[in-house]
Amino acid sequence: MFLSKLDSVQNAMDLIANYQNLTDVEEISIHDAHKRVLAEDIMAYHDSPPFDKSAMDGFAVIAENTFGASQSAPKQLKIIDAIGAGDFSQKTVGEGEAIVIATGAPIPEGANAVIMKEYTTEDADELTIYSQVTPGENVSPKSEDIEKGQKILDKNTFIRYQELGLIASAGYDTVKVFKKPRVRVIITGNELVEPTKEEIDKAKIINSNQFTIKAMIEDSGAVADIVHAGDTFDEVKEAILEASNDFDVIMTTGGTAISKGDVVLDVVDDIGEILFHGVAMRPGKPAGAGVVNDKVVFTFSGQPVAAMSQFDVFARKYLFEMQGRSFDFHIVKRESQLKIPSQLGRTDFIRATSDDKYAKHVLNRGSGIIRSMVEANSYILIDENDEGYQKGDIVDVIFFDSLLW
């Protein structure tokens with residue numbers, strides 16, 4: 001029994017948090033800023049819009065001149081000019097006058113509204129209107145969106161396409177962001193081979209972890225570099241020392257079983273500090289973490305599903321927060337369609353298929369069965385203080401999509 005030796009999930013997360021690092025700041029072109037995290041407040045250099053502008057194609061008018069106009073009682077105005085987008089008029093709209101105006105063009109002097117083209121007819125410079133407008137109607141006022149000098153985005157904001165447009169409107173062609181963490185992934189295991197369509201030698205297995213972990217790192221906003229090391233102390237030591245000099249985070253797979261001769265943890269213990277080894281969770285009990293040269297080392301299982309779960313529980317949050325972006329599990333409630341046994345003192349991350357009402361755990365869920373992760377779209381989270389759930393109970397669910405950068 002290893003229970004007395006195992007850390008709780010929360011304690012393991014707290015130990016990692018004590019060594020949370022931030023990446024450095026870099027200034028990049030706004031063209032490259034999508035899905036990055038701001039490392040500065042954004043202050044507007046410009047008003048947006050910079051002038052009162054038309055929100056419609058139509059005619060700039062004095063609203064009061066349109067009062068009472070209708071299909072049965074149209075009114076006549078005189079067209080004195082036309083303004084296209086990117087242009088302006090030097091004429092002033094007077095009583096009984098109108099100026100043709102395009103969407104986005106500046107409202108000319110004298111006008112205070114725009115009547116839509118659909119409610120008018122033209123005959124040379126004679127305009128007939130069949131509807132009325134109120135002052136300010138179909139006009140986007142100056143500074144409606146952004147006021148010059150205003151703080152419009154805070155540091156640590158995640159830049160989606162919406163924020164990208166706002167930053168550009170504020171006048172920025174470059175922006176300061178947190179650098180993407182550089183992660184060295186060290187794959188251990190003498191039994192591993194590359195994917196092949198050919199027959200695999202006895203006792204060998206295809207190395208799938210290099211692909212799943214690399215993709216998960218990229219889905220956490222970071223950059224992954226993959227290397228391989230044999231199952232010897234010296235090879236693993238050399239690989240970890242090299243990584244600690246050149247990378248922000250180190251991750252390993254394999255060689256972490258809670259047993260004698262765990263080469264990865266032996267190396268970390270020799271050249272650095274072990275934070276924990278063994279967590280009361282399923283799957284992923286052999287999870288470990290340490291510190292070498294001030295760089296956090298995550299040690300994952302060689303079992304693919306266990307490694308994925310360990311990454312989701314421990315590494316994803318660390319990579320998000322390295323870049324100034326907060327991360328917590330987004331937990332929703334669903335009704336369980338099956339009975340789910342568990343064990344006190346252990347946190348379970350049960351693979352499940354969930355929708356907007358129900359959750360059903362995947363029945364075949366060994367830590368090496370990758371297909372079970374493909375069939376699932378979520379975790380059912382069972383706290384260490386619960387002994388499982390009955391069919392019909394309300395359970396905590398974490399959708400995989402909610403974990404993505």
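**Exercise 1. Locate Asp-246 in the secondary structure and decide whether this residue is buried or exposed.**

Solution. Asp-246 belongs to helix H4, residues 233–246, where helices are DSSP runs of H or I with at least four residues and strands are E runs of at least two, numbered from the N terminus. The model is a predicted one, in which local features need pLDDT of at least 70 and side-chain atom pairs count only at pLDDT 80 or more, while totals for chains, interfaces and linings use all residues. Residues are numbered from 1 along each chain as its sequence is written, and side-chain values use heavy atoms, with hydrogens and water left out. The relative accessibility of Asp-246 is 42%, so this residue is partly exposed, the class between buried (under 20% relative accessible area) and exposed (over 50%), with a 1.4 Å probe and protein chains only.

**Exercise 2. Work out how far apart Lys-214 and Glu-218 are in helix H3, and what joins their side chains.**

Solution. Both residues lie in helix H3 (residues 209–218), and because they are four residues apart, about one helical turn separates them. Their side chains meet in a salt bridge at 2.6 Å, N to O, the criterion being a side-chain nitrogen of Lys or Arg within 4 Å of a carboxyl oxygen of Asp or Glu. Lys-214 is partly exposed at 31%, and Glu-218 is likewise partly exposed at 41%.

**Exercise 3. Identify the parts of the chain linked by the salt bridge between Lys-142 and Asp-47.**

Solution. The N to O distance of this salt bridge is 3.9 Å. Lys-142 sits in the loop between strands S10 (139–140) and S11 (151–153), whereas Asp-47 sits in the loop between strands S2 (42–43) and S3 (53–54), so the pair, 95 residues apart, links distant parts of the chain, and Lys-142 is partly exposed at 46% relative accessibility.
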